[in-house]
Amino acid sequence: MASESSFDIVNKVDQQEVDNAVNQAAKEISQRFDFKNVDAGIKLSGEAIDLQANTEERCNAVLDVLKDKLVKRQISLKGLEAEDPKLSGKIYKINATISAGITQENAKKLSKLIRDEGPKGVKAQIQGDELRVSSKSRDDLQTVQSLIKGQDLDFAVQFVNYR
């Protein structure tokens, strides 16, 4: 009898890549002519990313530079949560975070999707902020991966621990 194969559906962000993207954005902002004398800046403080500039438009331009750098580093923008620019003294600021992990609600949606549209005999089990999918057939697991990739989810997913 063949043993069960499985994989995990997760939403993880490589913090080092985020740090690299923020550093590249900061370097570009310091060198670009259109950001001269506008107090534009970006910095990473823990899990949060702080962006600033002297006008709302410049602040949004700094956010666009950050998004560009994140995409080049293969970090999904689905996890980027940025507030609207807020005036703080003479400077507009944006606080942004990159979320990781699959919420219970989203895990239940994925589990229901796999049960309803996936092949028979495939089991989905919620384990904290990830979802374990198992089946006796590896082909069924690949079908589930294709099914999930084909969905327009509002959060990023990766497939790990394929056994």
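Begin by selecting Glu28, which counts as partly exposed because its relative accessibility is 21%, where buried means under 20% relative accessible area, exposed means over 50%, and partly exposed lies in between (1.4 Å probe, protein chains only). What you have open is a predicted model, in which local features need pLDDT of at least 70 and side-chain atom pairs count only at pLDDT 80 or more, while totals for chains, interfaces and linings use all residues. Residues are numbered from 1 along each chain as its sequence is written, and side-chain values use heavy atoms, with hydrogens and water left out.

**Stop 1: around Glu28**

Keep Glu28 selected and add Lys69, and you will see their side chains meet in a salt bridge at 2.9 Å, N to O; the term stands for a side-chain nitrogen of Lys or Arg within 4 Å of a carboxyl oxygen of Asp or Glu. This pair links distant parts of the chain, with Lys69 in helix α2 and Glu28 in helix α1, 41 residues apart. The helices (H or I, at least four residues) and the strands (E, at least two) are DSSP runs, numbered from the N terminus. Lys69 itself is buried, with a relative accessible area of 11%.

Next add Arg32, which forms a salt bridge with Glu28 in which the closest N and O atoms are 2.9 Å apart, and which is partly exposed at a relative accessible area of 29%. If you then include Asp34, you have a network of salt bridges that links Glu28, Arg32, Asp34 and Lys69.

**Stop 2: Arg73 and Glu17**

Now select Arg73 and Glu17, whose side chains meet in a salt bridge of 2.7 Å, N to O. Arg73 lies in the loop between α2 (56-72) and β4 (80-82), and Glu17 lies in helix α1 (residues 15-31), so the pair ties together parts that are 56 residues apart in sequence. Arg73 is partly exposed at 25% relative accessibility, and Glu17 is likewise partly exposed at 22%. The structure as a whole holds 11 salt bridges.

**Stop 3: along helix α1**

Select α1 by itself and look at its start, where Asp14 caps the N-terminal end through a side-chain oxygen that lies 3.2 Å from the backbone nitrogen of Gln16.

Which residues of α1 are buried? They are Val18, Ala21, Val22, Ala25 and Ile29, and they lie on the same side of α1 because they cover an arc of only 100° around the axis, the arc being that of the directions from the helix axis to the C-beta atoms. On the other side of α1 you will find Lys27 and Gln31, which are exposed. Show the neighbouring elements as well, and you can follow how the buried residues of α1 pack against β2 (41-45), β3 (48-53), α2 and β6 (91-98), with contact meaning heavy atoms within 4.5 Å.

**Stop 4: strand β3 and its partners**

Finally, select β3 and follow its side chains, which alternate: Ile49, Leu51 and Ala53 point to one face and are buried, whereas Ala48, Asp50 and Gln52 point to the other and are not. Bring in β2, which pairs with β3 in the antiparallel sense over 5 bridges, given that two strands pair if DSSP finds at least two bridges between them. These two strands form a hairpin with 2 residues between them, and Gly46 in the turn has a positive phi of about 70°.

To end the tour, centre on Leu51, which is the bridge partner of Ile42 and has Ile94 as its bridge partner in β6; β3 and β6 pair in the antiparallel sense over 6 bridges.

Technical notes: Polar contact = N/O pair within 3.5 Å; in protein donor to acceptor, adjacent residues only side chain to side chain.
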